[in-house]
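User: I should like to learn how to read the features of a protein model. Could you guide me through one, step by step?

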Amino acid sequence: MTLGGIDIIVLIATLMTASTPVLLAATGELIAEKAGVLNLGVEGMMIMGAVGGFAAATATGSPVLGFLFGAVAGAVLAMVFAILTQVFLSNQTATGLALTLFGLGLSALIGKGYEGVRPPPTAKLDFGPLGDIPVLGPIFFSHDWVVYASLVLVALTWAFLKFTRAGLVLRAVGESHDAAHALGYRVIAVRIAALAFGGACAGFGGAYLSLVRVPQWTEGMTAGAGWIALAIVVFASWRPERVLIGAYLFGGITALQLQLQAAGYAIPVHLLSMAPYVITIVVLVLLSALHRHGAQAAPADLGRSFHASS
Amino acid sequence: MTGTMLLEIEGLRKAYPGVVANDNVGFAIAPGEVHALLGENGAGKSTLVKMIYGLVKPDAGTMRLMGAAYEPAEPRAARAAGVAMVFQHFSLFEALNVAENVALGMENPPPMRDLARRIREISNTYGLPLDPDRTVGDLSAGERQRVEIIRCLLQDPKLLIMDEPTSVLTPQEVEILFHTLRKLSAEGTAILYISHKLEEIRALCDSATILRGGKVVGHCTPREKTARELAEMMVGGEFAMTDRAGRSFGNPVLVVKDLNLPPMSQFGPSLKGINLTLRAGEVLGIGGVAGNGQEELLATLSGERPSEDETVVIKGQEASRLGPNERRAMGLLSAPEERLGHAAVPAMSLTENTLLTGTIRRPLMKKGFIDMGAAKGFAEEIIKAFDVRTPGPHVAARALSGGNLQKYVIGREVLQAPDVLIVNQPTWGVDAAAAASIRQALLDLASKGAGVIVISQDLDELMEIADNFCALYEGRLSPPRPTEGLTIDEIGLMLGGAHGMTDVVAEEAAS
């Protein structure tokens, strides 16, 4: 099935892989922001996950260990942020920006020895006859385990926030830390846990970039995906199901522009590479303009430091 | 006595750096007793209840609950022991719904569907109608308080602590609250009731403990004392009552015509068709429950938010589009409700804070530069004239207690000799003696020929100083009524009565 030189089935299948890193990072950031912490260091945590996961996978020969280590690397960086902002009450915006710069620099240093190395491959899951179904087979049953894991994660996050008591406490902490404290909930502990989860997700997404998507290590390879993840959380008005839509939109345009390049359209390459970022922002702005309440759905205490006065 | 008492407290002490909040505090509450805790701001009431609720750990002293040692390490433990608390500043989450808010305050909440059913049951039993699915941000102050109370009641408390519960309620809502509290008390639940509204305490409470400067200065039965006797026990001496000499009104100094404004915040009200006329020498009281447009009205009149043409006229001149400084030049000054951050900059000294509003009407500038000497002189003048207790004008605004800073902020505007002064909550959180002096200053200003608008939630205050009264309800302003002869019930109805409660009130009245 081709349209203007572009194979639609391949496009949709690539869309899902292209979206996965941003989807993971955005889901993690959603949890952190729902707890009231604005961590602008997503880009830094992603790239630390990318280099950490890559190093672990090549050292052990196991991509699964690589993903695990990538998540740990992201979480460790998030803990630096957590200690600075939650314990020492530093400014969240400045600390987040510093975290991104720090992550980019440190990953470049660690990654020097890994340039040009090929990581152990991550196999696509075999669904047997399901994979042979025309159209649906290649679209839904031709991916590696991480793609499915990311979808499950979004569903779990949605259910966690909506149905569980822990999710309710997390939202409460993000809405009013003073009230949550007065009721005896441990605001700082909840926020640190949320940050750790956010960091692990970002690191996991970063590892997917270097282990599956590219797959090799290059300096600064996240190329702004962390920032896109942040933007998606805002424009998704802090709802997991809309984060999925936003991430797949971004991934879809990325996949499309690559195919357009390959199909040899006479559009300047730079415009095409720019397209995913521009179109994601434009569509999300339109969406939040339509849903007037979108911009006001932010957790009320987002970005505010909590200090128990007595 | 031991064994019959529900809660016994002895020798409780809590010190913070530089201040002893509670010293050797002791009292006892029997089951089913409504016990009042009386005291001025800073007397240590809040610290005391925070210790009982496990939010603050005492330095010394013992508490016993039903004869057993009681040392709650955190609110969770207090709740498990049967102590529940309704907070002064509501501990609610605006973006969550009623059932979620209730669940957050419970140890082991049932599944949401059962919880919603139980909320309906309890609210019917105690005459506190509440829909579990509504978002708390959309509720009135009275309804929010019902959420807090129901959250407590669902846990079958033996002791219910209420910190200033009526400060945000209409008189009708207060009546409903008292009805509920009396019912609870009859069922054996003890209530520790904190307030500085003396008439309420006389109407509701069986006994009272009076705190001053962190120490217990007396126990009494409120019904046997007059409000004035109670006030003097709180203050520790006599204080002057305001002198309301007869005044004559002059020409209109401020006219507002058909003023409409969109809301300032997500859950805030809009102003709808506001009309008012303020004459020279008049004190106009604007009453209303918090969140009905008070902040918005002050922001519009002060010039923070310009309005449409021909809506605000100051001394006969059109001023709708003018900003605060231009209005100051015309003689209109204002003092907003929020002392720290709106009326004064917390980190700046008192001298620097005079410059924020004072440069237009006072010679505090020289050739475009700040005249620090003159500013310091003005600050000292305010401190002297309004008896602000502070080491000097170099002190940062946030170092002053609420009452002292309020005197300073009001003094700063009054001493600039305005023709129109608008104040919002002039005596909120201010002790009785300071409140009386602020009210007297406003009356003195009016008798010199200025028009004064006092926006307040304290109806007694408005009845005491205002000549005319308007009610602000959901962004609408009622026509003015002379305060003389106006009853509290009439005012209550002007303020919107009790939300969704008219039937209950009617039944109460009938029975």
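**Reading a two-chain model**

Analyst: Let us start with a single residue: B:Asp419 is partly exposed, with a relative accessible area of 26%. Please keep in mind throughout that this is a predicted model.

User: How is such a percentage to be read, and where is B:Asp419 found?

Analyst: A residue counts as buried under 20% relative accessible area and as exposed over 50%, with partly exposed in between. B:Asp419 has 26% and is therefore partly exposed. It is found in the loop that runs between helix H13 (402–414) and strand S19 (420–424) of chain B.

User: Which residues is B:Asp419 in contact with, leaving aside its neighbours within four places in sequence?

Analyst: Contact here means heavy atoms within 4.5 Å. By that criterion B:Asp419 is in contact with B:Val253, B:Lys315, B:Met330, B:Gly331, B:Arg361, B:Ala450 and B:Gly451. Distance along the chain and distance in space should be read separately. B:Asp419 and B:Val452 are 33 residues apart in sequence, while their C-alpha atoms are 8.3 Å apart in space.

User: What do the contacts of chain B as a whole show about separation in sequence?

Analyst: Among contacts between residues at least 6 apart in sequence, 67% in chain B join residues at least 24 apart. In chain A, the corresponding share for residues 24 or more positions apart is 79%.

User: How many helices and strands does each chain have?

Analyst: Chain B has 17 helices and 23 strands. Chain A has 12 helices and two strands. Read along the sequence, the two strands of chain A come before its helices, in the pattern β-β-α-α-α-α-α-α-α-α-α-α-α-α.

User: How may I judge whether chain A is compact?

Analyst: One compares the radius of gyration with the value expected of a globule. Chain A has a radius of gyration of 20 Å, close to the 19 Å that the globule rule gives for 310 residues, so chain A is as compact as a globular protein of that length. For chain B, with 511 residues, a compact globule would have a radius near 24 Å, and the 24 Å of chain B agrees. Along the principal axes, the C-alpha trace of chain B spans about 75 × 50 × 40 Å, and the C-alpha atoms of chain A fill a box of roughly 65 × 45 × 40 Å.

User: What share of the residues in each chain is buried, and what supplies the surface?

Analyst: Buried residues make up 55% of chain B and 51% of chain A. Chain B exposes about 20900 Å², with 51% supplied by carbon and sulfur atoms. The accessible surface of chain A is about 13100 Å², and 73% of that belongs to carbon and sulfur atoms.

User: Why might one look for a nonpolar core?

Analyst: In soluble globular proteins, nonpolar side chains tend to be buried together. The largest nonpolar core in this model has 121 residues, and A:Ile232, B:Leu104, B:Leu160, B:Met162, B:Leu181 and B:Tyr193 touch the most other members. Helix H9 (residues 187–213) of chain A gives the largest share of this core, 12 residues. A second, separate core has 47 residues, including B:Ala344, B:Leu355, B:Ala397 and B:Met494.

User: Is A:Glu175 buried or exposed, and what surrounds it?

Analyst: A:Glu175 has 12% relative accessibility, so it counts as buried. This residue is found in helix H7 (residues 165–175) of chain A. Apart from its neighbours within four places in sequence, its contacts are A:Ala298, A:Pro299, A:Ala300, A:Asp301, B:Phe93 and B:Ala95.

User: Which residue in the loop between H4 and H5 of chain A has a positive phi although it is not a glycine?

Analyst: Phi is a backbone angle. A:Val135, which is found in that loop, has a positive phi of about 60°. At 35% relative accessibility, A:Val135 counts as partly exposed. A:Pro134 is found in the loop between helix H4 (92–111) and helix H5 (136–140) as well, and it counts as exposed at 64% relative accessibility. A:Ala223 likewise has a positive phi, of about 45°, although it is not a glycine; A:Ala223 is found in the loop between H9 and helix H10 (225–235) of chain A.

How values were computed
Residues numbered from 1 in each chain as written. Chains lettered and ligands numbered in written order. Predicted model: local features only at pLDDT ≥ 70, side-chain atom pairs only at ≥ 80, totals over all residues. Heavy atoms only, no water. Helix = DSSP H or I, 4+ residues; strand = E, 2+ residues; numbered from the N terminus. Rg over C-alpha atoms; globule rule 2.2 N^0.38 Å. Buried < 20%, exposed > 50% of the residue type's maximum accessible area, 1.4 Å probe, protein only. Areas by Shrake-Rupley, 256 points an atom, 1.4 Å probe, with all protein chains shown as cover. Core = buried A, V, L, I, M, F, W, Y, C linked by side-chain atoms within 4.5 Å.
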